[in-house]
Amino acid sequence: TMLGKLGEKLRKSIKKLAKMPIVDEKVVKEVIKDLQRALIQADVNVKLVFKLSKSIEKRALKEEPPKGITPKEHVIKIVYEELTKLLGKKSYKLKIDKKPYKILFVGLQGSGKTTTVAKLAHYLRLKGYNSAVVCTDTWRTAAYDQLKQLTEEINVPMYGDPNEDNPIRLAKEGLNKFKNYDVILFDTAGRHKNEKELLDEMEMLSKEINPDEIILVIDGTIGQQAKSQAKAFSERVKIGSIIVTKLDGSAKGGGALSAVSEVGAPIKFIGTGEKIDDLEEFDPARFMSRLLGMGDIKSLIEKFERVVEEEDKISETVDTMLSGKFTLKDLKTQFETMKKMGPLKQILNMLPLAGNIPKNFSKITEDKIKKYCVIMDSMTEEELENPRIIKYSRVKRIARGAGVRNEDVRELLRYYKTTKKALKGFERRKLGGPIQSILK
Ligand code: GDP
């Protein structure tokens, strides 16, 4: 499983939260404790865990859930968002915007660099780019054989020379040989006499090749140590992006991802196995929703979207209401919204309106709304659009059709008139209600 037990633990704490009868401060704190334990076991840096805890606590206790969203769902969404932030702000794609696009791969021996070079060549081919691979590793003789075997399997041309001991010469030769390809991938040595010499060679190769992108490959099993490793490399060359490998089943993968996302260079791919197609584009939000159990989170997000749509609809109704053209038809829409979303007073409170909300809004009971809707159902389209024409004979007809007293029809008409009058006192401010700010 991805990231070892971390996903399992996170899912468990969310499920626990979902089962709670109510969400109060105590519950929020308990959930945070569960998350802390899971994250620290996954080697996520303690400071980051602390920061996350603070944000969740603050938001969960302060932010009002939008109407239609339960406090519990709201807290789950906050947890999801804060966990996602731990992995980076957004997703970054590899863009091949030049020909040939030169990619230099750097990273320590054993990080999965050579495997990743082959995986990426395969990925690019599926995207329609023809790529070629150059082996500049003169330090480890097996590197050439390994790369040769991997590239042969996927039918990608590869250049290298096991008898050459000058990496610069190999790079030059490869560059010349593959200059008509869409992408050239340069594999480099991951070991040397010492770290300084390894980094010196990397810098020299970078100057010679002048790559369009330098990709650092990092072993995900080293956890938060990934940060210092990434820093050491980025002090010598400009790291354009990072690929974190071995996230399949690694207990410390979560720590590695969160540590790396602090470095500045984006994670564009992750390695999730030894096979050639075990390479995935990295998208923090998608990754986290999968880790937490895709379905649940997805339906929650969809629910949020529906609420926003509802808010837009209410907003429209309010606009008509305030435009002075408020008809019985609008009143009907308003009643329908109220049935779904709760009392109008509450709905109006969600919207950025200035002025006092008329008192009679809150007075109307559900029974009344039901009765008024039945009455309006026996009105003609013309009457709904233009209530002024409803005189005595029409009142009688409508009352008969709805099975109510004439007085009930007149009561509805009175309610309509006061509502219309009250609405004139309103002024509408610019949009930007509480829901929008939460979804930003
Ligand atoms: P290099 O020394 O950096 O070139 O690393 P290699 O490409 O030789 O990989 C080292 C080992 O890690 C090999 O056994 C690979 O099969 C393995 N490896 C690479 N990437 C992944 C990955 O994403 N998941 C797993 N499980 N193993 C990987």
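Let's start at a hollow: helices α3 (46-62), α4 (71-85) and α10 (253-260) each contribute at least two residues to the lining of the largest pocket. Keep in mind as you look around that this is a predicted model. Of those helices, α3 gives the largest share of the lining, with four residues. The space inside the largest pocket comes to about 500 Å³. In total 22 residues line the largest pocket, and if you want to find its centre, look for K85, L86, G88, K89 and S261, which are the closest to it. What kinds of residues make up this lining? Eleven are nonpolar, five are polar and six are charged.

Now step back and take in the whole chain. You'll be following 20 helices and ten strands. The chain has 440 residues, and 51% of them are buried. The part left open to the outside adds up to about 22,600 Å², with carbon and sulfur atoms supplying 49% of that area. There's also a lot of long-range contact here: if you take the contacts between residues at least 6 apart in sequence, 75% join residues at least 24 apart.

Charged side chains are a good thing to trace next. Side chains of opposite charge can pair when their charged atoms come close. How many salt bridges does a search of the whole structure find? The count is 36.

One of them joins D182 to K99, with the closest N and O atoms 3.7 Å apart. This pair ties together distant parts of the chain, 83 residues apart: D182 sits in the loop between α7 (167-177) and β4 (183-187), while K99 sits in the loop between α4 and β1 (101-106). Is D182 buried or exposed? With a relative accessible area of 16%, D182 falls under the 20% cut-off, so it counts as buried. Its partner K99, on the other hand, is exposed, at 55%.

For a local pairing, turn to helix α6 (residues 141-153). Here E152 and K148 form a salt bridge, at 3.6 Å from N to O. Why are these two about one helical turn from each other? That's because they are four residues apart in the helix. E152 is exposed, with 53% relative accessible area, and K148 is partly exposed, at 33%.

Another long-range link runs between K227 and E262, whose closest N and O atoms are 3.2 Å apart. K227 belongs to helix α9 (residues 226-234), whereas E262 lies in the loop between α10 and β7 (267-271), so the pair links distant parts of the chain, 35 residues apart. K227 is partly exposed, with a relative accessible area of 26%, and E262 is partly exposed too, at 38%. Salt bridges can also share partners, and that is how R59, E63, K77, E81, E82 and K85 come to be joined into one network. You've met K85 already, among the residues closest to the centre of the largest pocket.

Finally, have a look at L108, in the loop between β1 and α5 (113-126). L108 is partly exposed, with 32% relative accessible area. Which residues does L108 touch, leaving aside its neighbours within four places in sequence? Its contacts are K113, G190, L198, V217, Q229 and F233. D24 is somewhere else: the C-alpha atoms of L108 and D24 are separated by 48 Å, and the two residues are 84 apart along the chain.

Conventions: Residues numbered from 1 in each chain as written. Predicted model: local features only at pLDDT ≥ 70, side-chain atom pairs only at ≥ 80, totals over all residues. Heavy atoms only, no water. 1 Å grid on protein atoms, 1.4 Å probe; cavity = no way out; pocket = protein on both sides within 12 Å on 5 of 7 lines; lining within 4 Å. Points joined across faces, edges and corners; volume = space filled by probe spheres on them. Nonpolar A, V, L, I, M, F, W, Y, C, P; charged D, E, K, R; others polar. Salt bridge = Lys/Arg side-chain N within 4 Å of Asp/Glu carboxyl O. Buried < 20%, exposed > 50% of the residue type's maximum accessible area, 1.4 Å probe, protein only. Contact = heavy atoms within 4.5 Å. Areas by Shrake-Rupley, 256 points an atom, 1.4 Å probe, with all protein chains shown as cover.
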